[in-house]
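Subject: The structure we talked about

Hi there,

Here is the structure I promised to pass on. Please open it alongside this note, and I will walk you through what turned up.

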Amino acid sequence: MFQNLILEMAQKLDNFKTLIQNKHGTSTNYMTIHNNLMTIKEEMKKQFDEIVSSVYNYHDQIEGPDTTLLTKKSFKFKDGIQMEKEVSSSEEEVDIEHNINIEDNYNKNSQIFNEKEKNNKFEINEIKEEKIEENNVNIKGENKEEKKDEDKEENKEENKINIENISKDIKKSNYYFLSEDEKDFIDKTYDFNKRTNLPHKIVCPKNMVKEVITNMTKKLPSPVYFNEPLSMGQKQCEKFKYMDLLIKAGKESSREMQMCYISAFLIGEIFLNLGRNLKPFNPIIGETYEYFDNEKKFRFYSEQVAHKPQVNAYIAETPEFAYYGDTLNTTSFKFFKGSIELIFKNKAHIHFKKTGDHYILNPPSVYVKGLMKPPLYNDYAGNTIIQNTKDASYRCELKFIEEGWTPDSLGNFEGTVFKDYETIVYLLKGNWTKEIYMTDPDGNNRVDLLTLDKEQEYLNNTIESYVLPEYSCRLNQITPELEKILPKNDSRFRMDMRLLEEKEETDEAQSYKLRYEEKQRKELCTDEHKILFFDEFLSPETEDKYYLPNGKYWEYRKSGKIMENENNKILDLEGY
């Protein structure tokens with residue numbers, strides 16, 4: 001990251017100072033050079049901050065928010081073209097003349113960014129004004145001249161196209177797909193009594209690992225009872241049980257506190273997986289899911305955008321925040337650890353509407369353990385960076401510590417909240433199975449952010465059998481009113497999932513699961529399928545695809561077209 005470059009440069013300047021003093025003592029000429037370099041160092045911090053903000057503003061203006069700019073790489077911009085250059089951690093001693101000129105170079109780059117931003121704004125405004133003038137001329141011409149019916153219809157179509165083009169230009173603004181109207185976050189169809197448990201307990205197979213290996217060896221489809229009655233889209237919605245933390249963060253003006261609340265939200269999401277051995281259903285490509293919480297003024301939707309690899313894109317939103325991302329990940333088997341490692345490749349975005357602060361974060365790696373010695377359980381390891389993209393000098397680093405040999409070592413983590421790149425503001429401590437709290441840099445003045453209680457969260461949670469947390473039990477609930485407005489490719493119409501939660505006999509559910517998978521292989525993974533509610537981008541850093549919302553789902557929903565979407569014609573989860 002940029003701040004790493006600053007710290008690296010500062011270290012080299014300190015080494016240079018030592019070299020000067022050892023060889024030349026306090027020679028006036030050499031100390032003058034050193035003092036000049038120290039001044040440049042301080043200026044570099046300011047210039048880096050301005051450059052980072054300009055990079056994001058410039059990129060967001062053209063393509064929307066991206067996750068790929070916060071990497072350990074330097075970016076040069078020339079005539080609006082992005083070029084990438086790897087940063088070497090083993091550079092030779094810094095050339096003195098290069099360091100002396102470095103301040104001027106960054107000033108020039110900053111000016112280029114500012115001019116580009118201004119020009120972009122002026123160009124967009126000029127385009128809008130020109131198109132509005134064209135529309136006005138067309139409309140006046142129609143009022144003055146009498147034309148035939150066919151000519152009038154053609155002019156109307158032209159005006160309609162012009163208006164649509166103007167609206168597309170307006171959507172060039174960042175986060176155009178979000179809403180600030182509180183009415184958009186309430187749907188009376190969801191005003192029904194929410195269930196607090198499932199119709200029956202879901203039984204987890206005792207020898208699950210053995211059955212998985214047997215099915216893989218014989219190339220048999222995975223049994224339906226390896227799944228819990230939630231789709232991957234519903235699984236993403238489940239973590240917003242702790243959305244109150246993000247709502248608080250959205251009302252905060254302090255960026256340091258915003259990052260503390262985001263960290264607590266992340267710990268709450270991890271806790272929800274405690275003791276759960278089954279996996280969610282893999283959605284069929286084109287499958288969608290929506291949900292409203294009228295009490296919290298919360299709405300959510302997701303879409304399965306890819307089959308190989310399996311990717312589910314989603315966005316959750318309230319008047320205070322928006323949280324969006326996708327589930328692209330890779331898995332690898334760690335033989336010596338007897339576990340499977342799950343690494344999330346794309347970043348999650350969190351945008352606060354009141355302050356305009358935008359954060360990206362990478363979820364920690366997940367280790368599924370207990371393959372050699374059941375039961376199965378999850379552990380987390382690695383570093384998670386919560387980075388503010390509006391002001392890159394603010395960030396939070398969370399370190400998840402992998403389980404050790406002692407029984408109480410599962411769930412430990414530690415975190416640090418920074419401002420001005422390297423100034424520590426808060427320390428984050430706790431255990432993701434129990435709690436998260438914050439202190440000052442000296443470890444004093446403890447403030448609890450989230451306390452987790454397994455007995456309160458779960459109605460029944462054992463290795464052999466369990467039901468979902470109370471909040472999760474309502475996610476697959478459907479009413480006659482919802483059936484009338486939801487598209488047939490919504491997850492709640494999946495018969496295999498419905499039968500699994502309603503009956504202990506799983507043969508019929510297994511039959512539906514196989515039919516869905518067969519239809520996907522033969523019909524859905526073709527050119528007929530279109531990604532409707534997200535736009536696809538290619539990361540220049542990793543060459544992986546990532547997905548950003550385009551806002552069309554709620555437009556379709558309001559206009560009543562959601563029942564007629566293109567994928568709905570070929571994907572009817574209830575009809576077979």
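A word on terms before the counts: helices here are DSSP runs of H or I with at least four residues, strands are DSSP runs of E with at least two, and both are numbered from the N terminus. On that basis the protein has 14 helices and 23 strands. Please keep in mind that this is a predicted model. Of its 576 residues, 50% count as buried. Among contacts with a separation of 6 or more, 62% join residues 24 or more positions apart.

**The core**

In soluble globular proteins, nonpolar side chains tend to be buried together. Here the largest nonpolar core has 99 residues, and F240, Y291, F298, F300, Y323 and F400 have the most contacts inside it. Which helix gives the most to this core? That is α8 (residues 255–271), with 11 residues.

Y323 deserves a click. Leaving aside neighbours within four places in sequence, its contacts include K239, F240, L246, F265, E269 and Y314, and also I315, A316, A348, H349 and I350.

**Aromatic pairs**

A search of the whole structure finds 27 aromatic pairs. One of them is Y190 with F292, a tilted pair at 5.4 Å centre to centre and 45° between the planes. Y190 lies in the loop between α4 (149–170) and β3 (202–203), while F292 is in strand β6, so the pair ties together parts that are 102 residues apart in sequence. Are these two rings buried or exposed? Y190 has 1% relative accessibility and counts as buried, and F292, at 3%, counts as buried too.

F265 and Y323 also form a tilted pair, with 5.6 Å between centres and 55° between planes. This pair links distant parts of the chain, 58 residues apart: F265 sits in helix α8 and Y323 in strand β9 (residues 321–326). Both F265 and Y323 are buried.

There is also an aromatic cluster made up of Y190, F192, Y291, F292, Y301, F533, F534, Y553, W554 and Y556.

**Helix α14**

Two members of that cluster, Y553 and W554, bring us to α14 (residues 552–559), where Y553, W554 and R557 are buried. Why do these three lie on the same side of the helix? Because they cover an arc of only 90° around the axis. The cover over the buried residues of α14 includes β6 (288–293), β7 (298–306) and α11 (480–485). Just after α14, G560 takes a positive phi of about 80°.

**Buried loop residues**

Three loop residues are worth a look, and two of them are arginines.

- V224 is in the loop between α5 (208–217) and β4 (227–231). Its relative accessible area is 0%, so V224 is buried. Not counting residues up to four places away in sequence, V224 touches F281, L500, T506, A509, Q510 and K513. The C-alpha atoms of V224 and Q510 are separated by 5.3 Å, although the two are 286 residues apart along the chain.
- R276 is in the loop between α8 and β5 (279–281). With a relative accessible area of 6%, R276 is buried. Its side chain has a polar contact of 2.8 Å with the side chain of E228 and another, also of 2.8 Å, with that of E238.
- R494 lies in the loop between α11 and α12 (495–502). R494 counts as buried, at 3% relative accessibility. Beyond residues up to four places away in sequence, R494 touches F281, N282, P283, I284, E287, Y516 and L573. A polar contact of 3.2 Å joins the side chains of R494 and E287. R494 and S231, 263 residues apart in sequence, are 9.1 Å apart in space, C-alpha to C-alpha.

F281 appears in the contacts of V224 and in those of R494.

**Charges over rings**

Finally, two arginines for your cation–ring list. The charged end of R395 sits over the ring of F418, 4.1 Å from its centre. R446 lies over the face of Y437, at 3.7 Å from the ring centre.

Happy browsing, and do write back with any questions.

Best wishes

Terms used. Residues numbered from 1 in each chain as written. Predicted model: local features only at pLDDT ≥ 70, side-chain atom pairs only at ≥ 80, totals over all residues. Heavy atoms only, no water. Core = buried A, V, L, I, M, F, W, Y, C linked by side-chain atoms within 4.5 Å. Buried < 20%, exposed > 50% of the residue type's maximum accessible area, 1.4 Å probe, protein only. Contact = heavy atoms within 4.5 Å. Arc of directions from axis to C-beta. Phe/Tyr/Trp six-rings, centres within 6.5 Å; stacked < 30°, edge-to-face > 60°. Lys NZ or Arg CZ within 6 Å of the ring centre and 35° of its normal. Polar contact = N/O pair within 3.5 Å; in protein donor to acceptor, adjacent residues only side chain to side chain.
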